[in-house]
Each structure stands twice: as C-alpha cells, then as structure tokens.
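Dear colleague,

I am passing this structure on to you, and since you have not worked with it before, I have written out below what was found in it. Please have it open while you read.

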Amino acid sequence: MNTSKVIDGKAAAARVLASVKADVSKLKSDGIEPALAVILVGQDPASQVYVRNKILRAEEAGIRSLEYRLSAETPQAELLKLITELNDDHSINGILLQLPLPAHIEEALVLQAIAPGKDVDGFHSENVGGLSQGRNVLTPCTPSGCMQLLEDACGDLSGKHAVVIGRSNIVGKPMAALLLKAHCSVTVVHSRSVDAKALCRQADIVVAAVGRPRMIDSSWLKPGAVVIDVGINRIEEDGRSRLVGDVDFDSALPQVSAITPVPGGVGPMTIAFLMKNTVTAALQQFHSRQAHAQQSTTQSSPSEAVCLSIS
Ligand code: NDP
C-alpha cells in the first residue's frame, strides 16, 4: 500500500492542538484563561464518548472545561436558562451543545440561543450568514478541519474544482462555503442530484459527507483527485464491528493523489478545531470587552489599549 498518499489526520490534529496549546499559554500569561462549557442532554452512548474526548483534549490544551450533564427529561426551558446563564458569564468563552438532543427539544431554537460569539460549533445563523458572506466568523469544526487537511495536501486551492457530496448544515453547506471562500469552483451534490457520479468524476477535490458506507469507489474519481472522507459508518464485517467511511478506501487509493482514512482522518481534526475556535472566541471577547471599555471612558487613550494576538 502506498501510504504516502494517505493523509494522517491524527498528526495534523496534533499540530493544530500544539499550536492551540501555545496560544492558550500566551493568553494565560496575559491574564486570559480560555474556558469551554460542554452541555450533554441525555445518555446517548456515542455522545458520552464524544463529550469525554472533548473534555480530555481541552484539558491537554490548557483550556478550562466545564461539563453540564442534564437528564434526558430536562425541559427545554431549563436548557435555555442554562444557556442564558453561560452566555452572561464572562469567564466562559465557548458553549458546545452536544447533538443529538432528545426529541422534545427543538434543536434549531436552542442552538440559536447560544451567543454568536460563544458559538464554537459555528451553528448560529449569524455565524452561518457571516461565513456565506466570506467574513471571519466562528465556523463549524469538521469543515474547518477538512480545509486544513486540504491546504496541507494541496497548498493553494484557488481555481480547483471541488465536489462536496452532502448538503447538511453541519458539514456539506459550510464545507461548500469554505471552499468557495478559498476560491474553488464548487459543486454540491445530494440525494436528488442527477448522475452524482459523473459530476464527481470532474472534481480535483472530493469531500464526501453522506453517511453511506463505501458509496464512493474509484469509478467516481478522476485520476489524481484529492479525497476527504468525512463519513463515519459502523458496519459488521467478517464477524466484527468496524468503522468505515463514505469512500471505498481500497478501491479509491490507487486512483487518487491523496485520501483521508477512516478512522484517523477527519475525526481528530474536528476536536482540534473545537479547541481552536474556543481560543479564537476568548480572544475576540477580550478585544470586544476592551473596545467597549474604551468607548465608555473618556479618559482612555489609544496607547492604553492592550493588543493581543495569537497565531
Ligand atoms: P446528513 O444525514 O445530515 O446528510 C447527508 C447528506 O448526504 C444529505 O445532504 C443527503 O442529501 C446526502 N445524500 C444521501 N444519500 C445520497 C446519495 N445517494 N447521493 C448523494 N448524496 C446523498 O449527514 P451529516 O452531514 O451530518 O454527516 C455525514 C457523514 O459524516 C455521516 O457519516 C456522519 O457520521 C459523518 N460526520 C463525521 C464527522 C467527523 O468528525 N468526522 C462530523 C459530522 C459528521 P439530501 O440533503 O438530499 O437528503
């Protein structure tokens, strides 16, 4: 197997986390301690694993984490009250509400209640709108991680034709917006697309976010394409349970110039970018409080302003 083509998401995530850790240390020396609140409603086993991993990575990066575990029966009003309290708490910089939520809670409504500046998942409509306008806002973690992997693999993405398979709010749509922002020509295919395979075969870059095990084999891919496989699908094979992507890795590998494996590709980058977003949020909140303080005092002069920046 030619492993040089295989994009190492764990190594890329470790680089992002090392940079986040250095940024956190710099912020702490300036008196800012980034903090992330993670809310889990109910006891979905996969969500519990995701939350545990997020808390662990935060601790490793030096980010203070606060975990709020609520019962599956928690009324929506109580969840909204907690979000409001966290929005108002200046010591909290990021709020992550683990999905999925129990059926009685209206997901779109509670996600919209998170203050846009603390919305480290990038799901609030203000951040979604900002991304589509090409502004620097908090962007969803998985597509941000995919962009980093693509930039590492391809360098400048300008002018490349990218096909995104899937149009969810969490992955497909923000992925398309980020690729457009990076000056790609972008095609989004979905379940109603006519001949998705033919469209995909034209792509220099393929991002698969479908949720269908091994749907995309070599017949979907142009020789030399770069493939980012977001899919995480659990299947039973040869008497054991295993995770596979949306791309048939073994079939695709000889055809492509680079490809992410599952697991070990996009997955680790999602958590790394959650940490990066938390630090970005902490810095933005610091600057906005500082600008507010300067506006409200007539004595302050520009030379008194503290200007912090991170990589
Ligand atoms: P959704 O189910 O929300 O979206 C799937 C998308 O795929 C939809 O837009 C759907 O089209 C499209 N689709 C379904 N069938 C086809 C088909 N035959 N041809 C073309 N398009 C099709 O999934 P998510 O976006 O939330 O997740 C996608 C995958 O990524 C899942 O496996 C998920 O587990 C994984 N994931 C991985 C993450 C990570 O960290 N690595 C993070 C988030 C997700 P339509 O809109 O028309 O229904």
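**Helix 6 and what surrounds it**

Helix 6 is followed by Gly155, a residue whose phi is positive, near 75°. Before going further, please keep in mind that this is a predicted model, and that every value in this email is computed from it. Helix 6 itself runs over residues 141-154, which makes 14 residues, and its reach from the first C-alpha to the last is 20 Å, close to the 20 Å expected at 1.5 Å a residue. Several of its residues are buried, among them Cys141, Thr142, Pro143, Ser144, Gly145 and Cys146, and the buried residues of this helix also include Met147, Leu149 and Leu150. The elements that cover the buried residues of helix 6 include three helices, namely helix 1 (9-29), helix 7 (172-181) and helix 10, together with strand 6 (205-208) and strand 7 (226-229).

**The ligand**

Which residues are closest to the ligand? They are Arg167, Ser168, Ser191, Ile232 and Thr270, out of 20 residues that surround the ligand. Sorted by kind, the residues of this shell divide into eight nonpolar, ten polar and two charged, and the largest share of the shell, three residues, comes from helix 10 (residues 266-295).

Two serine side chains come to oxygen atoms of the ligand: an N or O atom in the side chain of Ser168 is 2.5 Å from one such oxygen, and a polar side-chain atom of Ser191 likewise lies 2.5 Å from an oxygen atom of the ligand. Val230 takes part through its backbone, where an N or O atom lies 3.5 Å from a nitrogen atom of the ligand. On its own the ligand has 930 Å² of accessible area, and the protein covers 70% of that area.

**Three residues in their surroundings**

His161 has its place in strand 4 (residues 161-165), and this residue counts as buried because its relative accessibility is 16%, where the limit is under 20%. Its side chain makes a polar contact with the side chain of Thr187, at 2.8 Å. If neighbours within four places in sequence are left aside, the residues in contact with His161 are Ser185, Thr187, Leu199, Gln202, Ala203, Asp204 and Ile205.

Gly42 is found in the loop between strand 1 (35-41) and helix 2 (45-61), and with a relative accessible area of 11% Gly42 is buried. Not counting residues up to four places away in sequence, Gly42 touches Leu70, Ser71 and Ala72. Gly42 and Thr74 are 32 residues apart in sequence, while their C-alpha atoms are 8.3 Å apart in space.

Is Ser29, in helix 1, buried or exposed? Ser29 is exposed, since its relative accessible area is 59% and exposed means over 50%. The side chain of Ser29 reaches the backbone oxygen of Lys26 at 2.6 Å. Ser29 and Asp44 are 15 residues apart in sequence and, from C-alpha to C-alpha, 38 Å apart in space.

**Backbone details in the loops**

Two cis peptide bonds may be worth finding in the model, and each of them leads into a proline. One joins Leu99 and Pro100, with omega about 5°, and Pro100 lies in the loop between strand 3 (94-97) and helix 4 (107-113). The other runs from Val262 to Pro263, with omega near 0°, and Pro263 lies in the loop between strand 10 (258-259) and helix 10.

Positive phi values also appear in residues other than glycine. His183 has a phi near 70°, and its place is in the loop between helix 7 and strand 5 (185-189), where His183 is exposed with a relative accessible area of 57%. Asp238, which is not a glycine either, has a positive phi of about 50°; Asp238 is found in the loop between strand 8 (233-237) and strand 9 (240-244), and at 74% relative accessibility Asp238 counts as exposed.

With kind regards

Methods:
Residues numbered from 1 in each chain as written. Predicted model: local features only at pLDDT ≥ 70, side-chain atom pairs only at ≥ 80, totals over all residues. Heavy atoms only, no water. Near = heavy atom within 4 Å. Polar contact = N/O pair within 3.5 Å; in protein donor to acceptor, adjacent residues only side chain to side chain. Areas by Shrake-Rupley, 256 points an atom, 1.4 Å probe, with all protein chains shown as cover. Helix = DSSP H or I, 4+ residues; strand = E, 2+ residues; numbered from the N terminus. Nonpolar A, V, L, I, M, F, W, Y, C, P; charged D, E, K, R; others polar. Expected span 1.5 Å × (residues − 1). Buried < 20%, exposed > 50% of the residue type's maximum accessible area, 1.4 Å probe, protein only. Contact = heavy atoms within 4.5 Å.
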